[in-house]
Amino acid sequence: MSGAVKFVSRIVDLQSIPLLYLIPAIFIPALALPQFATTYFFLNTLIYVLLFVGLGQSWNIIGGYAGQISLGHAVMFASGAYTTGILFIYYDITPYVGLLVSGLLAAAVGLILGALTFRLRYHYFSIATLAATLGAYVVFLQWDWIGGAVGLEYPLSQIGSSFSLMFSSRELYFYVMWVFALGTTLLVYQLHISKLGIYLKAIDIDQELAENAGISAFWYKMYAMGLSSFVAGIGGGLFAQYVLFIEPRILLELIRNVEFVLIPVIGGLGTVLGPIVGAVVYIFTREYTRTLLGGTQTGLSWVIFGMVLILISVYRPNGLIERRPAIGNIGTDTEETKSGIESGADDD
Amino acid sequence: MVLPIFGAVVDGVLIGLAYGLVAAGLGLIWGVMDIVNFAHGEHMLIAMYVTLLASANFNISPIILLPVNAALMFVVGYGTYAIIIKKTMDGPVLGQVLCTFGLLLTIRYGIIYFAGPSTRTINNFVVAGSTTAYGISVSYPAVLTAIVSLLTIGLLYFILQRSSVGKAIRATAQDKQAAQVMGINTNRIYATSWGIGLAATGIAGTMIATHFPIQPNATPGIWTIASFAAVALGGLGSIFGAVIGGVVIGLVQNIGASLLDPSYQQLYVYIVLIVALLYQREGILNWVSDQ
């Protein structure tokens with residue numbers, strides 16, 4: 001695996017091309033993709049790729065840059081989906097407003113979760129966030145007002161009306177998701193080149209040292225969590241607008257948490273383009289193994305993804321793409337670029 | 001007059017001892033090498049399914065399967081460390097979390113793929129039925145599970161305190177470098193800890209399979225979280241801490257279900273887990289490990 005990556009990078013040194021050129025080079029040609037999508041299945045896969053680019057970027061902020069391994073992002077995703085859905089279904093509030101409310105509410109949920117759990121480090125943080133998701137799942141299942149275990153269905157009669165953000169043509173969904181993916185990628189790019197990104201990486205590499213240097217680890221983690229949750233909430237709202245059906249199982253099952261983590265990890269943690277690579281690899285594999293292996297219930301695709309996770313964690317714990325230094329000449333010869341994140345290797 | 005809460009207390013203590021055994025296995029691995037096994041419940045699921053299939057297809061009694069499953073899970077644990085976990089030991093925490101999460105997915109969905117996602121129960125157990133004393137109904141399999149768990153916990157304590165392997169494990173947990181200087185092969189000790197930790201789930205899984213319905217999608221998660229909570233309550237590196245933590249979790253679950261809304265039974269455990277993690281530094285039950 002790593003051999004192939006090295007071979008490709010020897011021919012085209014992607015790391016030396018500025019991100020400012022690479023991002024448009026990826027996104028602008030992608031606009032033409034629906035023209036080539038002859039089947040509904042392919043277009044559907046592309047839409048999910050774009051949605052999961054955004055979700056992967058969301059996790060990338062907190063997991064890739066700040067190094068906090070959150071297993072609770074499905075909570076913010078589900079909060080977003082329910083907010084957009086309920087505002088539209090119960091109160092006829094257009095999703096264009098609803099998505100913004102979703103993002104803000106999810107950010108609030110994320111900040112509460114962060115305020116509770118950021119005192120914990122490493123796997124203690126992971127366990128606490130995992131418990132939060134499982135707890136939210138139980139609560140959402142029992143909460144009758146939001147549909148309980150049955151879930152809520154969108155009023156299909158409103159498809160195509162101008163304020164409903166429900167389209168009869170899948171291509172329009174593609175462009176909506178494209179905007180979401182591009183927006184989140186630019187957000188992470190902005191983070192990458194800003195001081196905030198460097199602070200977060202510093203916290204990831206050595207929290208004590210960062211605090212000694214005057215960086216308030218708690219508040220910067222909260223900042224990252226707020227941004228990350230805002231994006232996850234909007235992603236949840238868009239997901240609800242696309243599948244037109246919200247229920248706790250599809251929004252909060254364990255797999256959702258894994259997907260958030262899997263995509264940046266496959267592509268490369270703490271990199272701007274990592275989640276794009278990860279989403280393409282992951283979603284295409286997921287959708288096509290689903291059809292080849294006959295339904296999700298068989299679970300064989302999850303056995304494969306489990307093995308992929310094990311292989312990645314053993315052989316390339318920092319993802320397929322190497323981290324690039326934040327600013328041209330900083331850190332090219334330091335330990336960081338050689339070994340990637342070193343969180344928790346030598347501390348207590 | 002008997003309040004329903006007394007029945008809940010009895011049930012809570014009985015299941016809590018099994019939680020304690022599983023948690024002791026998790027806590028051993030966690031305490032010795034600072035790795036959290038997110039797939040702990042899934043490992044237990046392996047033993048449960050071996051018990052289910054052996055009893056359904058070959059009519060083998062679960063009691064005979066106890067040593068078989070313990071040995072099987074020891075080998076699984078030893079192999080898991082030697083083949084996979086060892087390679088992530090020097091890497092970032094993320095690698096370790098992903099690794100055991102990968103194991104979780106592989107085992108859970110592997111079992112679902114081969115055995116189906118339906119809920120299973122076992123029927124031909126040697127001990128069956130229940131008795132009613134002072135108005136409290138107690139089922140024999142639950143009592144037997146608690147007794148087997150207690151005996152195994154005692155054995156675990158004996159191994160760690162008295163045997164040379166146990167002493168080496170404790171030495172490695174205290175100071176890896178010093179243990180290496182003393183000629184202890186720490187890699188073998190880590191692998192052995194994984195073996196012992198999972199053998200505990202093998203025994204608990206066999207016993208639990210005899211009287212609990214097993215649902216491959218839900219059961220492992222419940223056990224993993226319950227043992228996380230028990231270890232967080234009881235403090236790391238203390239078997240009795242984990243056991244007391246396990247009993248507390250069993251009580252919280254059952255008393256919560258009988259006094260409050262039973263459909264939120266798991267939620268109480270999650271809340272206890274988060275609170276226990278947050279106040280862990282101060283140590284809710286840390287006095288146990290000091291003794």
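**Figure 1. Packing of helix 1 against helix 9 within chain B of the predicted model.** Helix 1 of chain B and helix 9 of chain B, the latter spanning residues 219–234, pack at an angle of about 70°, and their axes lie 8 Å apart. Because angles of 65 to 115 degrees count as roughly perpendicular, helix 1 of chain B is roughly perpendicular to helix 9 of chain B. The crossing of these two helices is right-handed. From helix 1 of chain B, the contact is made by Tyr19(B), Gly20(B), Val22(B), Ala23(B), Leu26(B), Gly27(B) and Trp30(B). The residues of helix 9 of chain B in this contact are Trp223(B), Ala226(B), Ser227(B), Ala230(B) and Val231(B). By class, the residues of the contact comprise nine nonpolar, three polar and no charged.

**Figure 2. The largest nonpolar core and the surroundings of Ala229(B).** This core has 189 residues, and those with the most contacts inside it are Ala229(B) and Leu273(B). Helix 1 of chain B, which covers residues 4–33, gives the most to the core, contributing 15 residues. When residues up to four places away in sequence are not counted, Ala229(B) touches Gly245(B), Ile249(B), Val269(B), Val272(B), Leu273(B) and Ala276(B). Leu273(B) is thus both a contact of Ala229(B) and, with Ala229(B), one of the residues with the most contacts inside the core.

**Figure 3. Helix 15 of chain A against helix 4 of chain B.** Helix 15 of chain A (residues 300–315) and helix 4 of chain B (residues 93–115) pack at an angle of about 160°, with their axes 7 Å apart. Angles over 145 degrees count as roughly antiparallel, and the two helices are therefore roughly antiparallel to each other. The crossing of helix 15 of chain A with helix 4 of chain B is left-handed. Among the residues of helix 15 of chain A in this contact are Leu300(A), Trp302(A), Phe305(A), Gly306(A), Leu309(A) and Ser313(A). Those of helix 4 of chain B include Gly95(B), Leu98(B), Cys99(B), Phe101(B), Thr106(B), Tyr109(B) and Tyr113(B). The contact of these helices has 16 nonpolar, six polar and no charged residues.

**Figure 4. The contact between chain A and chain B, with the side of chain B in view.** Chain B supplies 35 residues to the contact, and chain A supplies 39 residues. On the side of chain B that touches chain A, the elements giving two or more residues are helix 3 (62–88), helix 4, helix 9 and helix 11 (265–278) of chain B. Helix 4 of chain B provides the largest share of this side, 15 residues. The residues of the side of chain B that touches chain A divide into 25 nonpolar, nine polar and one charged.

**Figure 5. The environment of Phe52(A) in chain A.** Chain A contains 16 helices and two strands, and 49% of its 348 residues count as buried. Of the contacts in chain A with a separation of 6 or more, 77% are between residues 24 or more positions apart. Phe52(A) lies in helix 4 of chain A, which runs over residues 40–65. Phe52(A) is buried, because 27 other C-beta atoms lie within 10 Å. Leaving aside neighbours within four places in sequence, Phe52(A) is in contact with Glu259(A), Ile263(A), Ala279(A), Tyr282(A) and Ile283(A). Phe52(A) and Tyr282(A) are 230 residues apart along the chain, and their C-alpha atoms are separated by 9.2 Å.

Definitions and conventions:
Residues are numbered from 1 along each chain as its sequence is written. Chains are lettered from A and ligands numbered from 1 in the order in which they are written. This is a predicted model: local features need pLDDT of at least 70, side-chain atom pairs count only at pLDDT 80 or more; totals for chains, interfaces and linings use all residues. A nonpolar core is a set of buried Ala, Val, Leu, Ile, Met, Phe, Trp, Tyr and Cys residues joined through C-beta atoms within 7 Å. A residue is buried if 20 or more other C-beta atoms lie within 10 Å of its own, exposed if 12 or fewer, and partly exposed in between; C-beta atoms are placed from the backbone. Helices (H or I, at least four residues) and strands (E, at least two) are DSSP runs, numbered from the N terminus. Two residues are in contact if their C-beta atoms, placed from the backbone, lie within 7 Å. Axes are lines fitted to C-alpha atoms, for helices over the stretch in contact, and angles run from 0 to 180 degrees between N-to-C directions. Angles under 35 degrees count as roughly parallel, over 145 as roughly antiparallel, 65 to 115 as roughly perpendicular and the rest as oblique. A crossing is left-handed if the near helix is turned anticlockwise from the far one by less than a right angle, and right-handed if clockwise. Ala, Val, Leu, Ile, Met, Phe, Trp, Tyr, Cys and Pro count as nonpolar, Asp, Glu, Lys and Arg as charged, and the others, Gly among them, as polar.
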